[in-house]
Amino acid sequence: MKVRLLAVGGKMPDWVTQGFNEYVKRLPNEMAFELIELPLGHRGKSSDPAKAIRQEGDAMLAAIPKGDRVIALEVNGKNWSTELLAEQMQNWQMDGCNVSLLVGGPDGLDRRCVELADQKWSLSGLTMPHPLVRILLAEQVYRAWTITKGHPYHK
């Protein structure tokens, strides 16, 4: 199974790349985790934020591979424990589908992306910086994978 993290924004600090890569390298080939960075929509003093969100949505919709299960990371989504994520991942594997996790830009996901999603997942009621979300997602996918494989060190 392949999990793709489609995330708006780039030029992350080294600590983000290192943290993300640390968890990704721990995953086996059967649980490939790939980051696809999408460009931020143009923002400026006189620009319309809705236009930037639409640009980001266009790029995200174009980047979602056909047939992927789509999970929108959304404030109003369902909170999942690591154990529930592990259960979700087992279901995705049994369905034989790859997964696209969608993380929007500073103003959130384009409505079209949210509407396309098969599921909506909230990491927390807290507002988190986007760089931290990347690391947290990679870490949680790793921990959930350890649960599915019965590893004792998943906690």
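This is a short talk about one predicted protein model, going from its sheet to its pockets and then to a few single residues.

Good morning, everyone. Please keep in mind throughout that the structure above is a predicted model, and that each value I mention was computed from it.

Let me begin with the sheet. Five strands form an open sheet, and reading across it the order is E2-E1-E4-E3-E5, with parallel pairing. Which strands stand at the edges? They are strand E2, residues 32-38, and strand E5, residues 119-122; each has a single partner strand, so one side of each is left without a neighbour in the sheet. From one strand to the next, the twist averages 30°. For those who are new to this, strands of a sheet pair through backbone hydrogen bonds, and the pairing can be either parallel or antiparallel.

I would like to stay for a moment with strand E1, which covers residues 2-8 and runs parallel to strand E4, residues 99-103, the two being joined by five bridges. With E2, strand E1 pairs over seven bridges, again in the parallel sense. If you would like one residue to follow across the sheet, take Val-3, whose bridge partner in E4 is Val-99, and which stands opposite Phe-33 in E2. How many of the seven residues of E1 are buried? Six of them are, so the strand is largely enclosed by the rest of the structure. Helix H2, residues 49-63, lies across E1, E2 and E4, and runs at about 165° to E1.

Now to the empty spaces. Rolling a probe the size of a water molecule over the atoms shows where empty space is left. The largest pocket holds about 460 Å³ of space, and 21 residues line it, with Leu-73, Glu-74, Val-75, Met-128 and His-130 lying nearest its centre. The elements that give two or more residues to this lining are strand E3 (69-79), E5 and H5, and of the elements it is E3 that gives the most, with three residues.

Besides that pocket, a search of the whole structure finds one cavity of 30 Å³ or more, and the volume of the largest cavity is about 40 Å³. Its lining includes Val-8, Glu-56, Gly-57 and Met-60, and also Gly-104, Asp-110 and Cys-113. The largest share of that lining, three residues, comes from H2, the helix that we have just seen lying across E1, E2 and E4.

Let me turn to single residues, starting with two in helix H5. Arg-134 is found in this helix, and it counts as buried because its relative accessibility is 3%, where the cut-off is under 20%. Leaving aside neighbours within four places in sequence, Arg-134 is in contact with a list of residues that includes Leu-5, Ala-7 and Val-8, as well as Phe-20, Leu-35 and Glu-37. Thr-148 also lies in H5, which covers residues 130-148, and at 17% relative accessibility Thr-148 counts as buried too. A polar atom of the Thr-148 side chain lies 2.7 Å from the backbone oxygen of Trp-145, and, with neighbours within four places again set aside, Thr-148 is in contact with Ala-86 and Gln-90.

Trp-145 appears again when we look at Met-31, a residue in the loop between helix H1 (14-24) and E2. Is Met-31 buried or exposed? At 0% relative accessibility, Met-31 counts as buried. Beyond its neighbours within four places in sequence, Met-31 is in contact with Met-1, Val-3, Met-89, Gln-93, Val-141 and Trp-145. Met-31 and Val-141 are 110 residues apart along the chain, and yet their C-alpha atoms are separated by 9.0 Å.

For the opposite case, consider Lys-11, which is found in the loop between E1 and H1 and is exposed, with a relative accessible area of 85%. Most residues other than glycine have a negative phi. Lys-11, however, has a positive value, near 55°.

Finally, Gln-55 in helix H2 counts as partly exposed, at 34% relative accessibility. Leaving aside neighbours within four places in sequence, Gln-55 is in contact with Gly-41 and His-42. The C-alpha atoms of Gln-55 and Glu-22, which are 33 residues apart along the chain, are separated by 31 Å.

Thank you for listening.

Methods
Residues are numbered from 1 along each chain as its sequence is written. This is a predicted model: local features need pLDDT of at least 70, side-chain atom pairs count only at pLDDT 80 or more; totals for chains, interfaces and linings use all residues. Side-chain values use heavy atoms; hydrogens and water are left out. Helices (H or I, at least four residues) and strands (E, at least two) are DSSP runs, numbered from the N terminus. Buried means under 20% relative accessible area, exposed over 50%, partly exposed in between (1.4 Å probe, protein chains only). A polar contact is a pair of N or O atoms within 3.5 Å; within protein, one must be able to donate a hydrogen and the other to accept it, and residues adjacent in sequence count only if both atoms are side-chain atoms. Contact means heavy atoms within 4.5 Å. Two strands pair if DSSP finds at least two bridges between them. Axes are lines fitted to C-alpha atoms, for helices over the stretch in contact, and angles run from 0 to 180 degrees between N-to-C directions. On a 1 Å grid over the protein atoms alone, a cavity is a set of points where a 1.4 Å probe fits but cannot get out, and a pocket is an open set with protein on both sides within 12 Å along at least five of seven lines; lining residues have an atom within 4 Å of a point. Grid points are joined across faces, edges and corners, and a volume is the space filled by probe spheres set on the points.
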